[in-house]
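Subject: Handover of a structure and the findings on it

Dear colleague,

Please find below the sequence and the structure that I am handing over to you. My findings follow directly after it.

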Amino acid sequence: MSLVNDGWIKTTCAYCGVGCGVEARPKLSGELEIRGDKSHPSNYGKLCTKGIALGDTVIHDGRLLTPIEKSQSGDKILDWDSATQLVADKFSHAIERYGSDSVAFYVSGQLLTEDYYVANKLMKGFIGASNIDSNSRLCMASSVVGHKRAFGSDTVPICYEDLEHADMVILVGSNLAWCHPVLFQRLRTAKQINPDVKIVVIDPRETENNTIADYHLALNSGSDVALFNGLLHFLNKHDHLDHDFIQSSTNQINQALAAAESDDDRLESTTGLTRKQLNRFYQDFAHSDKVITVYSQGVNQSSIGSDKVNSILNCHLATGKIGQVGSGPFSVTGQPNAMGGREVGALANTLASHMEFDNSEHQALIREFWQTDRLATKPGLKAVDLFDAMADGKIKAVWIMATNPLVSLPDSAKVKAALEACPFVVVSDCIADTETSRMADLLLPAQGWSEKSGTVTNSERRISRQRRIMPSPGMAKPDWWIISQVARKMGYHDAFRYRHEGQIFAEYAQLSTLGNNNGERDFTLSGLTQLDEQGYNQLTPQQWPVTQLQTETTNQRLFSNGEFYTANRKANFVAVHHREPQTACNDNFPLLLNSGRTRDQWHTMSRTGLSARLAEHKPEPYVQIHPTTAKEHSVKAHQLVKLHNAQGECLARAEISEQIQPNQLFLPIHWNNATAKNSKPCNLIAPQTDSHSGQPEFKHTPVALTVCQHQSRATFASRTALNFNSLDYWARQKIAEGYLYHIESTLSADKLANYLKSRLKHNIERLVSHQSSEGSARFRFIALTADRVEQAVHVQPIQDEQRISELTDILSTRFNQESESEILLSL
Ligand SMILES: Nc1nc2c(c(=O)[nH]1)N[C@H]1C(S)=C(S)[C@@H](COP(=O)(O)OP(=O)(O)OC[C@H]3O[C@@H](n4cnc5c(=O)[nH]c(N)nc54)[C@H](O)[C@@H]3O)O[C@H]1N2
Ligand SMILES: Nc1nc2c(c(=O)[nH]1)N[C@H]1C(S)=C(S)[C@@H](COP(=O)(O)OP(=O)(O)OC[C@H]3O[C@@H](n4cnc5c(=O)[nH]c(N)nc54)[C@H](O)[C@@H]3O)O[C@H]1N2
Ligand code: SF4
Ligand SMILES: [Mo]
């Protein structure tokens with residue numbers, strides 16, 4: 001298959017774990033054309049809004065272009081040699097003085113497998129410690145624990161095609177419609193073709209999933225274990241267990257059944273669902289031959305996330321609905337390479353490539369393979385514990401790559417204190433200004449999507465190439481290169497002599513085969529060990545296990561033979577009990593805050609935030625509030641509200657909606673101090689975690705709510721980014737040719753107008769201003785050059801019911817002198 005056709009280059013989407021195949025073609029103008037790759041078996045040419053807008057985000061706005069050493073005396077640009085030498089020296093010095101546990105890497109599911117492999121090799125293989133953890137800890141850790149406990153391996157057994165063969169698909173704690181949109185499209189099409197397929201949504205909130213669902217179970221937040229224990233008990237009581245499968249392929253069902261039964265008498269009060277609702281769901285599960293349960297952060301991000309996962313796996317094991325066409329549990333991965341990171345082993349508690357610390361044979365194999373006598377022998381600190389240790393002064397140097405912990409870890413204040421306490425903080429990112437990069441001592445510019453090259457693994461274990469399509473700006477380099485340079489400067493020359501990412505991949509493929517000739521471990525790339533540079537460059541999607549180079553599309557599933565990866569090759573039932581989330585609402589903090597994603601933004605907006613198209617869907621941070629709750633708290637639609645608790649506070653615009661239950665709130669995770677004032681949920685979220693997985697409880701935080709007492713509001717369009725931090729509230733929206741600031745203030749409208757007028761650029765040709773003639777103090781200013789608007793401002797009192805104009809197109813409007821006053825009046 002030709003990978004380059006009419007200039008189109010095959011690559012993989014930068015965003016979610018669906019891992020859609022993309023074709024990209026650079027235009028002479030520097031823009032990038034994007035279309036879906038029809039030959040890619042995960043998406044067959046389909047893309048979602050974020051994928052389609054990839055071309056908008058390859059602009060160089062805000063990129064980090066050089067290594068920068070930051071100090072009180074100012075910023076210093078470094079060359080790569082000095083920058084990597086500085087990292088090597090600081091890390092080596094800390095290790096010499098305080099031991100290898102005094103340094104850490106905090107990495108990300110947005111690294112490529114090759115980057116991940118090299119980072120893990122350096123930390124565990126040569127620094128000899130295991131303080132390398134990934135933001136996947138915040139994302140997939142509970143699923144990893146659940147899988148390992150049940151299957152003896154971290155395995156997602158299904159392939160996407162199963163969604164099209166299932167009789168019943170359960171979406172639990174997954175907003176598939178917004179977070180894995182192309183999978184959702186595949187499911188919607190399957191339902192259109194066969195309306196008898198049952199789709200059930202299990203989420204405290206209503207989401208877009210409901211548009212294709214047969215029914216929605218709006219369970220109480222955190223009650224999934226009770227719900228699935230109820231299902232297991234029902235299956236047992238009504239004789240729906242698959243006794244043959246249980247006998248031949250599983251261990252310890254009796255303990256799990258007993259635990260499920262003991263939860264059953266409080267089932268309705270715990271879940272908030274009626275017997276009728278429960279029975280309908282339980283009957284449907286029992287009577288559907290082929291069932292897929294899709295689960296995501298509503299399951300994982302909980303203080304009992306691992307138990308939630310096992311409560312689901314128990315039901316699939318008890319009925320043998322696993323490893324068969326159209327059947328199985330399906331943990332969807334979030335980030336483009338969250339799965340690759342798990343395969344590499346870049347979590348603090350695994351060794352490498354599905355090999356484990358507690359297995360001395362694995363240790364010996366890896367030691368020999370990496371030619372090292374320094375291999376780490378015990379697990380390191382998980383993300384939240386790592387930042388706690390940092391706050392306690394125990395971590396002397398940390399290297400953060402491709403993640404923004406000051407926004408995404410719980411308890412932002414503590415994370416900030418931790419970074420302040422750490423003597424040497426290195427941040428590798430593509431973007432210059434992130435909340436975390438503001439805390440760095442050294443910034444390293446990384447290549448981003450469309451510039452970097454390597455592999456990612458998606459939710460159905462399919463490995464695809466991301467390819468280099470555009471040159472990278474400034475001095476940006478691949479992460480694997482940066483890490484290797486540092487490793488060599490730390491003295492590990494021979495082990496890190498990579499010239500090309502393909503060499504790293506071949507080494508990694510080799511590692512996956514160690515001691516694995518008879519399929520002892522599920523993960524193997526034995527069919528890819530012989531890839532040469534050309535083979536790697538041309539690599540088509542491969543679904544693991546890969547025992548032979550796959551030249552045709554495969555749709556494999558694991559566990560089809562009823563064998564698992566435990567010592568006796570049988571799957572384990574895990575006895576789990578419902579437990580309430582760690583914090584409950586009380587009189588002071590009566591509302592329950594849930595947090596998650598919106599359709600068109602990705603995490604901290606460092607990339608999707610560059611697209612004006614994507615910004616239109618949700619221009620400002622918002623909080624979903626039920627109409628009854630809004631009434632009780634005197635909140636009107638679109639008012640700005642403050643959420644607060646002992647942990648901190650956060651501002652967002654009220655979106656009154658029946659999609660959310662009374663007394664619950666939903667806040668998106670995307671806005672942060674780089675894009676808004678005080679609008680990130682992690683200000684409010686306590687660092688409570690699941691004791692098995694270390695995954696934080698992001699979806700269950702008691703808060704109080706008050707309406708902001710602001711006097712005025714404004715919109716401010718500008719070609720350049722501005723700083724409005726002295727005002728009470730601002731949020732930045734990308735628009736064509738610039739930014740639009742949404743502002744609110746405790747100042748009166750005229751005072752705010754004066755202040756904003758003072759912020760207009762002075763080097764403009766004309767400044768036209770206009771005060772409303774209607775008596776109410778409405779102000780409009782516009783700063784013009786010959787034929788275009790440089791800046792435009794509109795201010796009005798808060799009680800003014802007439803919504804201020806949006807100004808979203810103003811910067812891209814061309815005009816002449818005659819149309820000038822017309823434009824001003826139309827503002
Ligand atoms: N547009 C977009 N897509 C993304 C991302 C993005 O940033 N933007 N990020 C990617 C990443 S990294 C991830 S991890 C995935 C996340 O994908 P999802 O997990 O689907 O997304 P979330 O919005 O975090 O949460 C899912 C749902 O869990 C529900 N929930 C909350 N508490 C409970 C509970 O106790 N039980 C149940 N059953 N449900 C509950 C929430 O109401 C929410 O609707 O999305 C990926 N895709
Ligand atoms: N309240 C709350 N908090 C949450 C969650 C939640 O549901 N609620 N979800 C959690 C989950 S599931 C996740 S996955 C995290 C995500 O949280 P983060 O990982 O902190 O979010 P991102 O914005 O994706 O950060 C990635 C950074 O890497 C940079 N980057 C992109 N590509 C590269 C690259 O190739 N190399 C380098 N060096 N840098 C690169 C980007 O510019 C960006 O700054 O948030 C977690 N936090
Ligand atoms: S579904 Fe995910 S991988 Fe596919 S185009 Fe959308 S964001 Fe990209
Ligand atoms: Mo995630």
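Does Ser634 count as buried or exposed? The model is a predicted one, and in it Ser634 has a relative accessibility of 55%. Because the limit for the exposed class is over 50%, Ser634 counts as exposed. The residue lies in the loop between helix 24 (627–632) and strand 24 (640–644).

Backbone exceptions

Most residues other than glycine have a negative phi, and most peptide bonds are trans. Ser634 departs from the first of these patterns: its phi is positive, about 55°, although it is not a glycine. Asn663, likewise not a glycine, has a positive phi of about 65°. Asn663 is placed in the loop between strand 25 and strand 26 (664–668). With a relative accessible area of 36%, Asn663 is partly exposed.

For the peptide bonds, please note the step from Trp544 to Pro545, which is cis, with omega near 0°. Pro545 belongs to the loop between strand 20 (542–543) and strand 21 (571–572).

Surroundings of ligand 3

Twelve residues need not be searched for by hand; the shell around ligand 3 is as follows. Cys13, Tyr15, Cys16, Val18, Gly19, Cys20, Leu47, Cys48, Lys50, Gly51, Pro181 and Val182 surround the ligand. Helix 1 (49–52) and helix 7 (181–193) are the elements that contribute two or more residues to this shell. By character, the shell around ligand 3 divides into nine nonpolar residues, two polar ones and one charged one.

Sheets and the barrel

Strand 9 (residues 168–172) is mostly covered, with five of its five residues buried. In a regular strand the side chains alternate between the two faces of the sheet. In strand 9, Met168, Ile170 and Val172 point one way, while Val169 and Leu171 point the other way, and all are buried. Strand 9 runs parallel to strand 10 (residues 198–202), to which five bridges join it; there, Val172 stands opposite Ile202. Five bridges also join strand 9 to strand 13 (residues 291–295), again in parallel. The bridge partner of Met168 in strand 13 is Val291.

An open sheet of seven strands has the order 6-5-17-16-15-7-8, with mixed pairing. Its edges are strand 6 (74–77) and strand 8 (132–134), each of which pairs on one side only. From one strand to the next, the twist averages 15°. Within this sheet, strand 16 (residues 424–429) and strand 17 (residues 442–445) run parallel and are joined by four bridges. Val427 has Leu443 of strand 17 opposite it.

Six strands make up a closed barrel in the order 22-26-23-25-24-27, also with mixed pairing. Neighbouring strands of the barrel are turned by 45° against each other on average, direction ignored. One parallel pairing here is that of strand 23 (residues 622–625) with strand 25 (residues 649–656), over four bridges. Opposite Val623 stands Ala654 in strand 25.

Aromatic and charged contacts

The structure contains 27 aromatic pairs. One of them joins Phe716 and Phe724 in a tilted arrangement, with 5.3 Å from centre to centre and 55° between the planes. Both Phe716 and Phe724 are buried. Ring pairs also link Tyr117, Trp370, Phe505, Tyr508, Phe523, Tyr536 and Trp544 into a cluster. Trp544 of this cluster is the residue from which the cis peptide bond leads to Pro545.

In addition, there are contacts between a charge and a ring. The charged end of Lys618 sits over the ring of Tyr622, at 4.4 Å from its centre. For Lys734, the charged end sits over the ring of Tyr739, at 5.4 Å from the centre.

A contact across the sequence

How far apart are Arg97 and Lys396 in space, C-alpha to C-alpha? They are 9.8 Å apart, while 299 residues separate them in sequence. Arg97 is located in helix 2 (residues 80–98). Its relative accessible area is 59%, and because exposed means over 50%, Arg97 is in the exposed class.

With kind regards

Methods
Residues are numbered from 1 along each chain as its sequence is written. Chains are lettered from A and ligands numbered from 1 in the order in which they are written. This is a predicted model: local features need pLDDT of at least 70, side-chain atom pairs count only at pLDDT 80 or more; totals for chains, interfaces and linings use all residues. Side-chain values use heavy atoms; hydrogens and water are left out. A residue is near a molecule or strand if one of its heavy atoms lies within 4 Å of it. Ala, Val, Leu, Ile, Met, Phe, Trp, Tyr, Cys and Pro count as nonpolar, Asp, Glu, Lys and Arg as charged, and the others, Gly among them, as polar. Two strands pair if DSSP finds at least two bridges between them. Axes are lines fitted to C-alpha atoms, for helices over the stretch in contact, and angles run from 0 to 180 degrees between N-to-C directions. Rings of Phe, Tyr and Trp (its six-membered ring) pair if their centres lie within 6.5 Å; planes under 30 degrees apart count as stacked, over 60 as edge-to-face and the rest as tilted. Buried means under 20% relative accessible area, exposed over 50%, partly exposed in between (1.4 Å probe, protein chains only). A charge sits over a ring if NZ of Lys or CZ of Arg is within 6 Å of the ring centre and within 35 degrees of the ring normal.
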